[in-house]
Each structure stands twice: as structure tokens, then as C-alpha cells.
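Let's take a walk through this one together. Keep the viewer open and follow along, starting with a pair of helices.

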Amino acid sequence: MDPVRSAMVRRCLLTSRPFRIFVVGIGFFSLCFLMTSLGGQFSARRLGDSPFTVHTEVLGGLESRGVLRKISDMLEVILKRIDALSRLGNASDSHRLEELSSALDRFQPVGLVERIQAIAQNVSDMATKVEQILQRATGRARESSTSQCDVPKDPHYPDCPSKVDWMRARWTSDPCYSFYGVDGSDCSFLVYLSEVEWFCPPLAWRNHSSTPSVRTTPSSQAATLRSDLGPLLDQVGTGKESLSFMRRRIRRLAVQWSAAARRLDNRLCSRWREQKRILVHVGFLTEESGDVFSPKVLKGGPLGEMVQWSDILAALYVLGHDLKISVSVKELQRFLGVPPGRGNCPLTGRLPFDLIYTDYHGLQQMKQQMGISLKKHKCHIRVIDSFGTEPAYNHEEYATQHNYRTNWGYWNLNCRQFMTMFPHTPDNSFMGFVAEVMNETDKRITRLNKVDSMAVVYGKEPSMWKLQGKEKFLAILHRYMEIHGTVYYEAQRPPEVPAFVKNHGLLPQQELQQLLRKAKLFIGFGFPYEGPAPLEAIANGCIFLQPKFQPSHSSLNHEFFRGKPTSRQVSSQHPYAQQYIGRPHVLTVDFNDSRQFEDAVHEVMRTQDFCQVDAPFPSMNASKSWPGNPPSPFILPPNSSALVWAPNITAPACWPPLSAMQLLLAQEGVSCVGSCQVEGLICEPAFFPFINNPEAFTGLRVHCEALEAEVNHIFPAVSVEPGECFLQKEPLLYSCAGVQAKHRRLCPCRDFLRGQVAMCKDCV
């Protein structure tokens with residue numbers, strides 16, 4: 001039975017066995033059209049064809065309603081009789097016909113059956129014509145499919161046949177396929193798999209001159225600096241406590257944002273900048289990801305991520321960009337204009353945004369629930385990544401082959417697209433956050449009101465006070481200072497907090513600022529890692545005292561880091577503060593060593609002024625394009641082991657400028673992060689493309705008997721076995737963090753401004 005008749009069988013609610021009997025009387029096709037015509041309308045669809053509808057007016061007015069009731073009763077009697085007759089397996093055909101004739105003779109009013117038969121005959125003739133039209137159309141489609149839509153076996157598209165098989169079986173599983181024109185034919189499968197997705201080769205007979213787009217691109221507009229943050233506050237909304245926290249932070253810093261906008265406008269001299277269309281999707285705050293943060297905002301939960309997102313929103317808005325904010329999958333779908341369905345189909349054509357800022361949760365949602373092709377649109381993505389993603393974990397194939405795969409990595413993005421709160425590895429971009437700066441009046445007041453014998457503990461949740469051995473070093477601190485806490489509690493004092501600690505409970509941000517401006521010391525217990533609070537405390541005139549980790553914490557020995565896409569060895573609670581700020585503002589000591597801890601407390605009490613103004617930034621050296629390929633762009637300065645860019649060679653366009661580069665050869669088993677740090681520098685991944693060449697080895701006086709390019713996250717490097725040099729073949733694997741005992745790495749380092757590691761001395 002063909003699909004049209006199958007649909008009619010389902011519509012008529014009859015089983016196959018009674019139909020085979022009733023066809024003897026008036027014909028299957030005619031009966032189904034008759035029944036639905038009496039009801040007013042019947043619609044049927046053949047798979048892959050357009051729907052057709054048959055309307056038949058049978059009776060009208062009051063007469064029609066009465067007759068329809070009688071016909072309904074009669075049809076029910078017919079069905080019961082047919083069902084009974086179908087079970088009489090030993091009865092003769094003639095006996096069945098007599099029974100059927102007897103049943104029909106009982107129908108009233110007289111002549112009704114003849115009228116039904118006449119209508120049925122007319123409908124049957126119409127159905128025959130429709131059947132002929134459909135057969136001709138099917139024949140043409142079959143001929144077209146045979147000639148143009150054979151499934152290709154192309155070695156460049158090995159997955160094409162299996163994807164076509166999947167589409168044949170599952171194309172109706174998601175309405176988004178129909179949205180893109182899939183109708184069940186092989187031609188439509190191949191068009192979809194070659195033009196919407198990329199599993200099959202382009203079809204020669206298709207017109208490829210134009211690409212569908214989600215939305216037309218508007219003409220470029222100027223980005224104008226904004227000082228009124230009111231419209232941004234309206235956009236953020238107040239639907240959940242996390243959003244209310246972000247609004248409060250933006251509102252509290254609004255005056256400083258406005259002042260910063262005016263200063264920047266003066267420096268830029270109203271220079272034209274293009275306004276970008278930017279979508280900010282905060283994935284970890286969506287209900288679909290669980291939104292574990294919002295319920296904890298008022299209970300001492302971590303706020304570092306929300307601090308950073310608040311500042312990102314404010315910065316993008318103040319800079320004058322066209323901003324859309326999403327904190328739900330529904331909003332995300334609406335902003336992106338994704339096709340209807342459950343996310344199996346990717347978004348095609350040009351994105352309606354120039355940039356999308358999101359996080360790992362947002363990436364998963366865009367890929368799984370909206371089918372956004374990260375392969376096609378990945379250059380538009382910026383990922384706010386708290387702990388960083390190293391190249392070895394980001395490259396999916398490499399990570400799988402070399403056991404670096406985690407639940408958070410393998411996105412195959414350029415690692416500079418991962419933007420961190422602190423510069424964990426230079427392979428990623430340092431997004432940062434805002435730390436308030438006191439004006440001169442506030443600095444004077446803070447100096448006068450500082451209480452030398454007052455300390456505040458970094459830890460708002462009782463669980464952060466469960467550190468083993470804390471009673472010992474807190475007792476030492478208590479001998480010299482009054483200790484204050486801001487630990488959340490509802491009814492009674494948390495038992496984890498010692499009795500001699502003055503606990504204020506969870507404080508609003510402004511009250512916490514006032515407390516820090518009075519205190520001399522801000523002390524950490526080792527967790528949370530790398531939050532914004534220590535820098536805010538330092539900005540308010542506190543010294544930050546933190547524990548040194550021995551051994552360092554990592555995914556090998558600490559559950560918190562397990563599964564994260566990084567091999568970092570975290571040496572303290574806040575490595576950034578330890579390495580790039582240091583004494584006198586940051587002290588890092590072994591809390592298990594009572595003598596060392598007590599000496600640190602004495603040092604804190606002797607320190608007087610914590611509000612020194614940094615020296616002005618040096619002037620910028622602008623770099624120019626390098627039009628050619630001289631024998632070597634590097635020189636080795638006298639009494640130096642680091643190569644620099646030759647000053648008589650015009651440097652290529654690069655940021656930071658190549659004038660800041662210092663190229664080192666690392667020792668065996670030492671990463672570029674460590675090698676640069678030994679020289680008081682930091683590794684700069686933007687320089688890797690300029691040192692991945694034979695001239696770099698020659699300049700470092702490395703003799704290469706063999707030079708090969710391979711895919712390995714520690715290259716470029718030289719083997720400890722003499723004569724073997726290796727270049728990097730996969731740019732996504734340029735890594736500052738990578739380390740291996742059998743190789744010495746080529747490390748591109750640069751200097752940095754004290755307190756602002758993202759900037760080199762020639763950068764501003």
C-alpha cells in the first residue's frame with residue numbers, strides 16, 4: 001500500500017482486514033474520501049511532496065446535521081458487521097455478500113445509499129486523476145535523483161555516505177531539517193549536507209554564487225563612548241539575585257566608568273571606531289546549566305565570575321558597542337535567529353553579531369541546543385575562561401591521541417580566544433577585571449584611618465575556614481592583631497570560626513570596602529584560588545598574606561583542578577599576586593612554619609605606606625611592516641644569551657611590538673613560562689610565529705643537522721640529542737606552558753610593566 005493510502009487508513013481509523021472486505025462493495029479509495037468529505041475536509045501528504053486538500057460539500061443546513069448523525073450510526077453498524085464477518089474464516093464469499101447486502105438494506109432513509117455511492121464514484125474519479133499526477137511527479141523526481149543525486153564516494157568527504165544514511169532514517173527527528181528544505185529525497189539530503197553542513201562535496205548542478213545568511217549586515221556605524229550607564233542597567237535586568245549583584249556593581253562604579261570614558265575620549269581625540277554588534281551570553285547563569293551561583297550570592301558564595309562579567313558588560317557598553325545580553329537559552333535562540341527544532345541543524349550564513357562573549361556552558365549550549373557550527377563561526381567566539389585552556393588540551397585530535405582530553409577542552413579554537421581573569425598562561429588572553437582606584441582624598445583618609453593591628457580574613461563561607469592547622473597560625477596572628485571575618489550565617493555563629501574572631505557576617509560590597517580601608521592585613525587560607533578580592537584589598541591599602549603550597553597544587557594531586565584543561569602547578573593561593581605584585585604588598589609564606597609566619601606578621605606591622613603611585617608609562621615604540629625575508633631578523637646583543645629583533649629591520653605588524661621580544665633557549669624539562677620568569681620576563685605567545693624558523697636556531701647558535709616540522713605542543717624546540725631541531729606544524733599548539741624532559745624549547749619572552757603584566761614597556 002502506497003504512503004497516500006496508508007495515511008488514509010490511519011485517518012479513517014480502520015484496520016486492514018475489514019477494509020479488504022469492504023472494498024468489494026464500494027472501493028477503498030472512494031470510501032476514505034467519502035468519510036472525510038462528509039466531515040468537511042481531508043488532507044494527506046505523500047512523503048516528499050506538497051500537501052493537497054480535497055473539499056466536498058455534501059449536504060447543507062439542518063438536513064446535513066441530521067443525516068450526518070444517521071450516517072455515523074450506519075457506518076458504525078457497518079464496521080461492527082464487517083468485523084464479525086472477517087472472523088468467519090469458514091464462511092463462503094457468497095454468504096458474506098448476502099450478510100453485507102442484508103445490512104445495507106436496513107439503512108434509512110430510502111435512497112441514501114445510492115446518493116453515497118454516487119458521491120463516492122465522483123471522488124473516486126478525482127482520486128484517480130490525483131494518483132496519476134502524483135505518479136508522474138514521482139517519476140520525474142526519481143529520474144532527477146538517479147541522474148543528479150547519487151551519493152558521492154569522495155575520499156575528501158569520507159563521512160558523506162554514512163551521513164546520508166542517517167538523514168534517511170532520522171530527518172524527521174527535528175523540524176529544523178525541513179526549515180532548510182529537506183523533504184525526504186536524496187537530493188535534499190545532499191544539498192543540506194553540502195551547503196548547510198560540510199559532510200558532502202558541493203553538487204555540480206547547484207548554484208553556488210550566493211550563500212544564505214541569517215541576517216543582512218548593516219552598514220558600519222561609529223562607536224561613540226558612553227557615560228550614561230542607565231540603559232545598560234535596564235538591559236541587565238533583575239530576574240535573579242546574580243543579576244541584581246551585577247547591577248549593583250555596575251551602578252556603584254558608574255561614576256568611575258563615566259570618568260574613564262571621558263579620559264579615553266580625550267586621548268583618542270574623537271578618532272573614528274567601528275561599532276561592533278556584540279552578544280554576551282552568560283552561560284553559567286542560565287537555568288539550563290543549573291545556575292548554582294544565584295542562590296549563593298547572598299550566602300557567601302563565589303562572586304569572582306560575576307565581578308568579571310559585570311566589568312565586561314560595562315566596558316563593552318562604555319566603549320559604544322551595540323550590546324545584547326542573554327542569560328537563558330531562549331534569549332540566545334531569539335538573538336541568534338536559530339532555526340526551529342532541537343538543535344541538530346547548524347546556524348548557516350553570517351552571524352547577526354560580530355563577536356559573541358560566552359563561557360564553556362555557553363559553548364555547549366550553542367553547539368548542542370542550537371547546532372551552531374563552531375567550525376564555521378569560531379572566529380567570532382570569545383570564551384571567558386576562569387582557569388585557562390592550554391593548547392595541548394584545546395586541540396581535539398592531539399588531546400585525544402596524547403591523553404590530554406578533558407570535559408572542558410577540545411574546542412579547536414585559537415587559544416588567544418580564551419580570556420582569563422588572571423594571566424595564568426600567556427597562551428590565552430588576559431581579560432582581567434576592574435579594581436577600584438582611590439582618588440587622592442580617599443588615599444589621605446585611608447592613611448589616617450588605618451589600624452595597624454587589624455586583619456581581615458579572606459573567606460565568606462564556613463567551609464573556607466576548615467583548613468587543617470588554622471588554629472595554630474591564627475593564634476599567632478591573634479597575639480599581634482585583632483582578627484575580623486565576614487562569614488555568612490543565618491541563625492548562629494559558624495562553629496568553624498574561632499571565638500576570638502570578630503565576625504561581621506556577609507557584608508554588602510560598599511561596607512566591605514570600608515572595612516578593608518581600615519585594616520592593615522588581608523589574609524588568605526588557600527581557597528578560593530585566584531579571585532579578585534586580594535587585588536581589591538591591595539587597592540584599599542591592605543597587605544595580602546597568603547600560604548605557599550608545598551607541593552604545588554595541580555590536577556595530579558588536588559581534586560579542584562582535576563579535569564580542567566591545564567597542567568599548571570599552582571604555587572600559592574594567588575600566583576598572580578605572588579609573581580607580579582610581590583613585596584611589600586604581597587607576602588607568600590609557609591603557614592606550617594610558625595617562625596616564618598610570625599616574621600611575616602612583623603613585616604606587615606612595620607610597613608607604613610601602601611598607596612604609592614606608579615611611575616608613568618614609557619612612550620610607545622610603533623612597529624612597522626617588514627616587507628621581505630632577510631637572512632636573519634635576529635641579533636645577539638653583547639653579553640646576552642637572548643636574541644632580539646634587529647633594529648635595522650622593519651618589524652612585521654604585531655602586538656605586542658617585536659621590539660619587546662627576547663628569544664631564549666630553555667633548559668631541559670623547563671617550560672617557556674619558567675624560562676622567561678627566571679630572566680624576569682614573561683612568555684609572549686604572539687611572538688611564536690616569528691621564531692618558528694631556522695634563523696631562530698641559527699641565532700641561538702644551535703647546530704641543526706636535521707630540521708623537521710611536527711605537531712607537538714613543545715615545538716619549536718631542539719632535542720637534547722645533538723643535531724635534531726623541530727619546528728611547530730600546528731599553530732594552535734603554540735604553547736608557553738608545555739614542557740618535556742627530552743627537549744630544550746625556543747621561548748619568546750618579553751618584559752612587562754610592574755602591576756600590569758598584559759603590557760610591555762613599549763606597549764603604551
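**Helix pairs, odd corners and weak spots**

In α7, the residues C160, K163, V164, M167 and R168 meet D186, F189, L190, Y192 and L193 of α9, where a contact means heavy atoms within 4.5 Å. By class, this contact has 7 nonpolar, no polar and 3 charged residues; Ala, Val, Leu, Ile, Met, Phe, Trp, Tyr, Cys and Pro count as nonpolar, Asp, Glu, Lys and Arg as charged, and the others, Gly among them, as polar. Before going on, a word on what you're looking at: this is a predicted model, in which local features need pLDDT of at least 70 and side-chain atom pairs count only at pLDDT 80 or more, while totals for chains, interfaces and linings use all residues. Residues are numbered from 1 along each chain as its sequence is written, and side-chain values use heavy atoms, with hydrogens and water left out.

Now the geometry. Two packed helices are described by the angle between their axes and the distance between the axes. Helix α7 covers residues 160-170 and helix α9 residues 186-196; their axes cross at roughly 125 degrees and come within 10 Å. That makes α7 oblique to α9. The axes are lines fitted to C-alpha atoms, for helices over the stretch in contact, and angles run from 0 to 180 degrees between N-to-C directions. Under 35 degrees counts as roughly parallel, over 145 as roughly antiparallel, 65 to 115 as roughly perpendicular and the rest as oblique. The α7 and α9 crossing is right-handed, that is, the near helix is turned clockwise from the far one by less than a right angle, whereas anticlockwise would be left-handed.

Next, find α11 (residues 241-252) and α13 (residues 304-318), which pack with their axes 9 Å apart at an angle of about 55 degrees. These two are therefore oblique to each other, and α11 crosses α13 in a right-handed way. On the α11 side the contact uses S242, F245, M246, R249 and I250, and on the α13 side M306, V307, W309, S310, D311 and L313. Sorted by class, the residues of this contact divide into 7 nonpolar, 2 polar and 2 charged.

While you're at α11, look at E241, which lies in this helix. With a relative accessible area of 25%, E241 is partly exposed; buried means under 20%, exposed over 50%, and partly exposed in between (1.4 Å probe, protein chains only). What does E241 contact, leaving aside its neighbours within four places in sequence? The partners of E241 are R248, S294, V297 and L298. The C-alpha atoms of E241 and F293 are separated by 9.0 Å, with the two residues 52 apart along the chain.

The third pair is α20 (residues 470-480) with α24 (residues 594-606), whose axes are 10 Å apart at an angle of about 30 degrees. So α20 and α24 are roughly parallel to each other, and their crossing is right-handed. K472, F473, I476, L477, R479 and Y480 of α20 meet S594, F597, E598, V601, H602 and M605 of α24. The class split for this contact is 7 nonpolar, 2 polar and 3 charged.

On to the backbone. The peptide bond from F527 to P528 is cis, with omega near 10 degrees, and P528 sits in the loop between β12 (521-524) and α22 (533-539). Another cis bond runs from R583 to P584, with omega near 5 degrees; here the loop is the one between α23 (575-581) and β15 (586-589). Y410 has a positive phi of about 55 degrees although it is not a glycine, and at 17% relative accessibility Y410 counts as buried. N639, also not a glycine, has a positive phi of about 60 degrees, but at 86% relative accessibility N639 counts as exposed.

Finally, zoom out. The chain has 27 helices and 23 strands, taken as DSSP runs numbered from the N terminus (helices H or I, at least four residues; strands E, at least two). Of its 764 residues, 49% are buried. The average pLDDT is 79, and 74% of the residues score at least 70; pLDDT is the predictor's confidence in each residue, from 0 to 100. Over residues 1-62 pLDDT stays under 50, and it is below 50 over residues 139-147 too. Where pLDDT is low, the predicted coordinates should not be read in detail.
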